[in-house]
Amino acid sequence: MSTVTSTSAAEPVVDYAEAVQTYDPVMGLEVHVELNTATKMFCACATGFGAEPNTQVCPVCLGLPGALPVVNAIGVDSAIRIGLALNCEIATWCRFARKNYFYPDMPKNFQTSQYDEPIAFNGYLDVELEDGSNFRVNIERAHMEEDTGKSLHIGGANGRIHGADHSLVDYNRAGIPLVEIVTKPIVGAGDRAPQVARAYVAALRDLLKALGVSDVRMEQGSLRCDANLSLRPKASEGQDQNDVPLGTRTETKNVNSLRSVERAIRYEITRHAAVLNSGASIVQETRHWQEDTGVTTSGRVKSDADDYRYFPEPDLLPVAPTREHVEELRATLPEPPADRRRRLQSDWGYSDLEMRDVMNAGAVELIEESVAAGATPSGARKWWMGELARRASAEGRELADFGVTPAHIAQLDGMVGSGRLNDSMARQVLEGVLSGEGSPETVADAQGLRLVDDEGALSAAVDAVIEANPVVADKVREGKVAAAGALIGQVMKEMKGQADAAKVREMILTKLGGS
Amino acid sequence: VTSDITRISAADLADRLSRKEISAVEATQAHLDRIADVDGSVKAFLKVNDEGALETARDVDRRRAAGEDLHVLAGVPIAVKDIVTTKGLTTTAGSRILEGWIPPYDATIVTKLRAAGLPILGKTNMDEFAMGSSTEHSAFGPSHNPWDLERIPGGSGGGSAAAVASYQAPLAIGTDTGGSIRQPAAVTGTVGTKPTYGGVSRYGLIALASSLDQAGPVTRSVLDAALLHAVIGGYDRMDSTSINAPVPPVIEAARRADVKGMRIGVVKELGGEGYQAGVRARFEESVQLLVDAGAEVVEVSCPSFEYALAAYYLILPAEASSNLAKFDAMRYGLRVLPEGVDDPSAEQVMAASRDAGFGDEVKRRIILGTYALSSGYYDAYYGSAQKVRTLISRDFASAFEKADVLMSPTTPTTAFKIGEKVHDPLAMYLNDIATIPANLAGVPGMSLPSGLADEDGLPTGVQILAPATKDERLYGVGAALEAALIARWGGPLLSRAPELLTTADSREVRA
């Protein structure tokens with residue numbers, strides 16, 4: 001049986017550096033990905049996100065008496081492609097199984113899943129860390145299952161069931177195909193464990209996106225991560241760390257952004273360490289990540305008493321993909337991410353450091369799309385990795401979520417390239433785009449931003465500044481070219497910034513006979 | 001004239017309809033009248049669908065008048081077991097938990113019945129969720145055997161068998177998980193077929209045990225069963241376990257009724273000790289009649305059948321415990337609030353509703369199944385039962401190397417008295433000892449009347465089993481045996497059943 005407790009009091013934690021000094025973290029990551037098939041896993045209902053509650057339902061996904069499931073063949077193909085992309089073996093024969101437990105948002109009170117016969121198993125995913133090193137995450141299995149409905153608790157605090165007046169259930173999500181990807185225990189990450197977790201989920205997200213099997217929108221729940229963590233003592237002198245037995249784990253649910261993955265693991269490391277330091281034991285339990293407070297809270301106590309009474313689903317036939325079919329699917333796989341990264345770096349002419357920054361910021365695809373839309377690779381990098389990346393990092397948001405599109409960046413870069421805008425004007429335009437004022441052209445037009453290309457006006461402004469600053473002008477004439485800077489600044493001020501500084505410099509030096 | 005209509009076979013009724021000697025409305029009304037007359041004492045129906053049936057009949061008559069090409073059974077009324085979903089018509093599976101539930105969709109077989117123009121007379125009584133051999137586990141009270149109203153009509157599909165045996169319907173739909181079509185047929189003197197697993201769609205059958213359930217015909221003749229089998233059989237993409245092949249040539253086989261040169265295997269383990277003397281005697285006569293008709297008899301042994309009942313009572317409850325989990329009061333069906341609990345949780349409402357809505361036999365099997373699937377017990381119980389199932393399939397495979405069909409008595413005894421075994425689950429379970437192996441192996445089986453037991457004058461049944469997908473052999477052998485028996489009896493067995501007191505009679509008696 002399960003008990004629900006609600007702990008709101010902050011639990012003690014220790015300093016992160018101290019925690020990883022004393023303990024070796026071991027992680028296990030379970031990622032649920034909603035497939036983007038047109039129909040559900042076992043019926044013909046639509047799967048679109050955001051539809052009116054209970055409008056995408058039928059006797060099958062509502063679990064009406066007498067209804068029977070039929071497997072979505074495209075869902076199976078997607079699962080096989082995910083398995084192949086994760087370097088897994090693909091089962092020659094496997095079955096669905098029923099996972100039995102009672103919950104109001106699960107129409108049949110069992111979830112059709114896979115148990116000891118997953119469609120894909122024994123794979124790995126290589127992920128690149130911030131310092132450019134590679135970390136291999138081994139994959140235990142990837143299996144197919146169906147999603148549950150969604151409960152909405154009305155009248156309680158924070159939409160939680162505790163204290164709610166009543167609950168509403170939306171079954172639109174019930175039966176949407178899921179693939180659950182489970183890692184083997186991730187050992188050897190040490191103090192980089194939170195970073196490894198984040199990098200793994202990010203790499204997995206990119207891979208799934210490249211496969212085209214899912215929308216991978218973490219904020220919409222189409223990619224969900226459960227993070228298991230345990231700590232064990234650091235190996236003593238001469239002892240192999242792998243010989244130190246694993247500690248008790250906790251499973252943290254509701255980890256719904258890349259940043260949260262990193263933070264949740266980090267928090268749990270500090271919490272586990274505090275518990276262990278105090279001489280107490282970790283309770284094996286499910287914990288919930290609280291995005292707002294940055295802590296995990298205790299959920300259901302898991303124990304060996306959890307018994308889902310799995311048995312092979314008798315309403316479905318075994319899934320037995322032929323080797324020919326598996327090879328056909330293998331042929332549809334996109335370029336492996338590492339190969340793709342090397343290719344793009346070479347195409348774009350980025351340094352290793354530049355490429356790594358771009359990857360860490362999650363900007364590879366945005367830059368790729370910007371370049372495709374006409375931006376120069378260096379321009380695309382400059383604009384995405386400047387103010388936008390700074391904001392994304394400071395606010396913990398995704399680069400793509402600011403309303404700036406690759407088409408915008410291509411347009412902006414083009415305006416600089418054609419000499420219409422200078423850098424500072426372009427930055428001003430980007431601000432406008434960020435504030436939702438429209439495309440770069442619209443913003444530039446509205447704000448009247450345009451470099452002055454009237455030679456006469458510029459020449460007159462230069463003459464006036466030279467005349468007003470005879471001492472500085474003389475220094476330049478004497479060959480102190482650096483002194484021209486002060487004059488350039490004044491001309492730019494005169495021109496309200498709407499001049500090409502390089503051109504102004506050239507004109508001053510010509511007029512003063514320098515250079 | 002109308003009383004005659006209810007006595008004739010579905011095939012004859014279909015002929016008369018197609019020759020426009022009678023209308024579908026007349027045929028349907030005659031059966032509705034018969035239901036009104038006798039079902040007060042038989043209690044075969046949980047719901048009579050007067051208006052819906054007549055509407056279908058009127059439609060058939062209109063289309064026939066317009067010269068449309070109609071299905072051979074168009075206008076022939078039918079009764080449907082209450083475990084099959086019927087859009088707009090209550091479907092309870094004999095359970096309090098589904099009392100009043102009106103499905104929003106038709107089972108595939110109902111869609112086929114409607115498309116063929118068979119008026120649906122109503123929904124027939126059954127043991128709750130098809131768990132039982134007597135209809136005594138129906139939440140709405142038992143049905144009665146037309147041969148003796150004090151006795152059970154078999155189960156779980158006793159309502160369908162009783163309706164057909166008492167001329168309330170020429171045809172009925174049953175479902176058979178361990179004998180629920182064949183055992184009621186045997187004890188009511190009717191014909192019932194459990195087709196090959198996957199031969200008839202299960203979409204819309206409220207599942208008892210998914211790997212065992214199969215719907216099939218309940219009729220008064222082998223040819224009628226074949227005609228109905230052909231309507232409901234065939235591939236359905238909504239049922240993943242459905243066989244993607246044409247319906248076996250059952251009608252042709254029933255019409256040919258030829259057993260010359262066929263090898264009939266008598267199963268050593270299904271007979272002898274534990275079988276009533278009259279049942280055995282009628283079985284031996286049936287075998288002899290087939291020999292007289294040109295068949296050859298061989299004895300076959302199926303040693304693993306000994307474990308069939310035990311394996312069945314692990315597999316069935318295991319699957320049922322999961323299949324019945326959906327009845328949780330959240331989306332449909334009975335909802336009961338727990339007593340003395342303020343602000344009950346969803347789980348508490350589920351528990352209270354399931355406690356109030358399920359009968360004892362259902363609870364017994366849910367508990368058995370939950371236990372059998374529990375971690376630590378799974379291998380010993382469910383796992384072992386699945387191995388037995390494999391052994392039983394092998395027994396069938398080797399038996400079918402020696403014989404074209406197998407035969408046995410359908411049930412060990414004739415109909416027992418209502419109340420006699422209801423408190424002894426094991427005794428109740430033993431009724432299905434001869435029928436269960438076919439479900440475990442997925443092979444087709446038929447029961448047809450073999451006569452009356454000398455000691456109690458009640459009907460006995462003989463069971464024919466064929467290899468998977470060879471359903472036509474049941475009909476060939478069944479029709480041949482039926483012809484020989486009718487020749488011997490000088491008429492159908494049911495013509496020897498006592499006349500039921502009708503409502504009109506009882507009015508006269510009272511007057």
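**Nonpolar cores and overall layout of the predicted model**

The largest nonpolar core in this predicted model contains 103 residues, and those touching the most other members are B:Val84, B:Ile109, B:Leu113, B:Phe129, B:Ile173, B:Phe327 and B:Leu406. The element giving the most to this core is helix α11 of chain B, which spans residues 308-323 and supplies nine residues.

B:Ile109 offers a convenient place to look at the packing in detail. Once its neighbours within four places in sequence are set aside, B:Ile109 is in contact with B:Val84, B:Ile173, B:Val200, B:Ser201, B:Leu205, B:Ala215 and B:Ile232. Two of these partners, B:Val84 and B:Ile173, also appear among the core residues that touch the most other members. A second core, separate from this one, is made up of 71 residues, including A:Val76, A:Ile82, A:Ala120 and A:Ala264.

Turning to chain A as a whole, its secondary structure consists of 16 helices and 14 strands. Its C-alpha atoms fill a box of roughly 90 × 55 × 55 Å along the principal axes. Chain A has 515 residues, of which 49% count as buried. Among its contacts with a separation of 6 or more, 70% come from residues 24 or more positions apart.

The surface and charge of chain A complete the picture. Its accessible surface comes to about 23400 Å², and carbon and sulfur atoms account for 50% of that area. The chain carries 53 positive and 74 negative side chains, with the centres of the two sets lying 2 Å apart.

Technical notes
Residues numbered from 1 in each chain as written. Chains lettered and ligands numbered in written order. Predicted model: local features only at pLDDT ≥ 70, side-chain atom pairs only at ≥ 80, totals over all residues. Heavy atoms only, no water. Core = buried A, V, L, I, M, F, W, Y, C linked by side-chain atoms within 4.5 Å. Buried < 20%, exposed > 50% of the residue type's maximum accessible area, 1.4 Å probe, protein only. Helix = DSSP H or I, 4+ residues; strand = E, 2+ residues; numbered from the N terminus. Contact = heavy atoms within 4.5 Å. Areas by Shrake-Rupley, 256 points an atom, 1.4 Å probe, with all protein chains shown as cover. Lys, Arg positive; Asp, Glu negative; His and termini not counted. Charge placed at Lys NZ, Arg CZ, Asp CG, Glu CD.
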